[in-house]
Amino acid sequence: MTLSDSADAPVNEVVLEAVGLTKHFPVRKRLRDLLTRTTAAVHAVDDVSFVLRRGQVTALVGESGSGKSTVARLLAQLHPRTAGDLLLHGRSTRVRGGRAFRAYVRRVQLILQDPFASLNPVHTIRYHLTRSLRIHGNAGRSAEDLDKALADLLTRVSLTPPERYLDAFPHELSGGQRQRVAIARALGADPEVLLADEPVSMLDVSIRLGVLNLLRDLKERLDLAILYITHDIASARYFADDTIVMYAGRMVEGGDSETVTKNPAHPYTRLLIESAPDPDRITGAGDAADVGGAADADRGHGEPPSLISPPSGCRFHPRCPHAMPRCTVELPPRHDIGDRPGHWAACWLYDPATVTAEGPGSAAPDADPSVPPPPALIRQDGTASVGDAR
Ligand SMILES: Nc1ncnc2c1ncn2[C@@H]1O[C@H](COP(=O)(O)OP(=O)(O)OP(=O)(O)O)[C@@H](O)[C@H]1O
Ligand code: SF4
Ligand SMILES: [Mg+2]
């Protein structure tokens, strides 16, 4: 699809859909394993489902090792998937190199964290962009067409005047400028989807906002569907329409970014928000000191689990301050939270049976005035709020 074609497509149309995506990396076998015939694997991503829509940014948030980059690589079809499906405009797609892979990459482009590593230091910016335009058939028919396409690409990412950058080498640019070149190279394919894997985490804080604003501007002007991967849930609220939270390879919460960050439901999301350097910018609470103090009441503890033998039931249970016996054995399904359409959490706290069986408010998180109580508990409870039950 070209840019002119995409202008006719409906707004918010689903472009790419992950359905139960799963990736297990086999662990190298040792002699002992051969004898016992065990096949250990890293459960990097399990049963991940979400959609990317035209003109929308979806943030994928989680701590290191939670599987974010693996999801991006599965969407880019750089890893074969263990299970699940990937639908491009509703059609199942699986490509393994060759012409089909090039056609897929034309639509779905990946931007990596480290712009220096992704650009070849011995080649100029002109070389990188020309190569992208040529590979994807967007270089035009003449030298003039190519010059115009190169100038357009650099102008789109605000590297102007273009002639100042075209013959520069990557090391002659700043980190932010290099990331803009990497984005321009991705745009050379005229894609519909951008997978941005921590695109600003290696940049100086002062230039991060500029690159995020550029991506937001491109989303609006080119109607791109963007997956924004980050550790920083605060930036997800600023930049993304929807936010998905991952923990140990599984999705644990999702919804519109404002609701997920202002009214987090899953204990892990609350932990992520409380660990953010400046909680005030997320919760909107006036007194940051208060927020930090109250956070202790609901803070999970411990380390992320091994993904070779992940915890049974809810993977967060060894760290969760609200874990119940069933959490250790039963995998929690998604429960609608009910405060805003599309807000869900995979947590037994929101199961109507948990609340009814254990009494009103019994499953509620500990007292924490800075963090809103789980809305589902208030709804189920009917008479007593979570605050009353404490
Ligand atoms: N090619 C691979 N072979 C084996 N294991 C892998 C491979 N790629 C990733 N993993 C494992 O999968 C898990 C998820 O890794 P991934 O890179 O997706 O996490 P991440 O959330 O992107 O982390 P970070 O925030 O540090 O980038 C980790 O335990 C990692 O060691
Ligand atoms: S399912 Fe249980 S262990 Fe998991 S986050 Fe919810 S309360 Fe905690
Ligand atoms: Mg990563």
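**Exercise 1. Describe the shell around ligand 1 by residue class, residue and element.**

Solution. Start with class: the shell has 4 nonpolar, 8 polar and 1 charged residues. Here Ala, Val, Leu, Ile, Met, Phe, Trp, Tyr, Cys and Pro count as nonpolar, Asp, Glu, Lys and Arg as charged, and the others, Gly among them, as polar. The model is predicted: local features need pLDDT of at least 70, side-chain atom pairs count only at pLDDT 80 or more, and totals for chains, interfaces and linings use all residues. Residues are numbered from 1 along each chain as its sequence is written, while chains are lettered from A and ligands numbered from 1 in the order in which they are written.

Next, the residues. The shell holds 13, and Phe25, Ala44, Ser64, Ser69 and Thr70 come nearest. A residue is near a molecule if its C-beta atom, placed from the backbone, lies within 6 Å of it.

Last, the elements. Strand 2 (41-53) and helix 3 (68-75) each give two or more residues. Helix 3 has the largest share, 3 residues. Helices (H or I, at least four residues) and strands (E, at least two) are DSSP runs, numbered from the N terminus.

**Exercise 2. Which residues surround ligand 2 most closely, and how do the shell residues divide by class?**

Solution. Ligand 2 has 14 residues around it. The closest are Cys314, His317, Cys320, Cys327 and Cys347. By class, 11 are nonpolar and 3 polar, with no charged residue.

**Exercise 3. Analyse the largest nonpolar core.**

Solution. Such a core is a set of buried Ala, Val, Leu, Ile, Met, Phe, Trp, Tyr and Cys residues joined through C-beta atoms within 7 Å. Buried means that 20 or more other C-beta atoms lie within 10 Å of the residue's own.

The core has 82 residues; Leu75, Leu195, Leu227 and Tyr228 touch the most other members. Helix 9 (residues 175-187) gives the largest share, 6 residues. Domain 1 (3-25 + 41-240) and domain 2 (244-389) each supply at least three residues.

Now take Leu195. Beyond four places in sequence, Leu195 touches Ala72, Leu75, Ala76, Val108, Gln109, Leu110, Ile111 and Leu227. Contact means C-beta atoms within 7 Å.

**Exercise 4. What is the mean pLDDT of the protein, and over which residues does pLDDT stay under 50?**

Solution. pLDDT is the predictor's confidence in each residue, from 0 to 100. Its mean is 84, and 79% of residues reach 70 or more. Residues 1-7 stay under 50, with 8 contacts beyond four places in sequence. Residues 281-298 are also below 50; this stretch has 39 contacts beyond near neighbours in sequence.

Methods. A residue is buried if 20 or more other C-beta atoms lie within 10 Å of its own, exposed if 12 or fewer, and partly exposed in between; C-beta atoms are placed from the backbone. Domain bounds come from an automatic or database domain assignment. Two residues are in contact if their C-beta atoms, placed from the backbone, lie within 7 Å.
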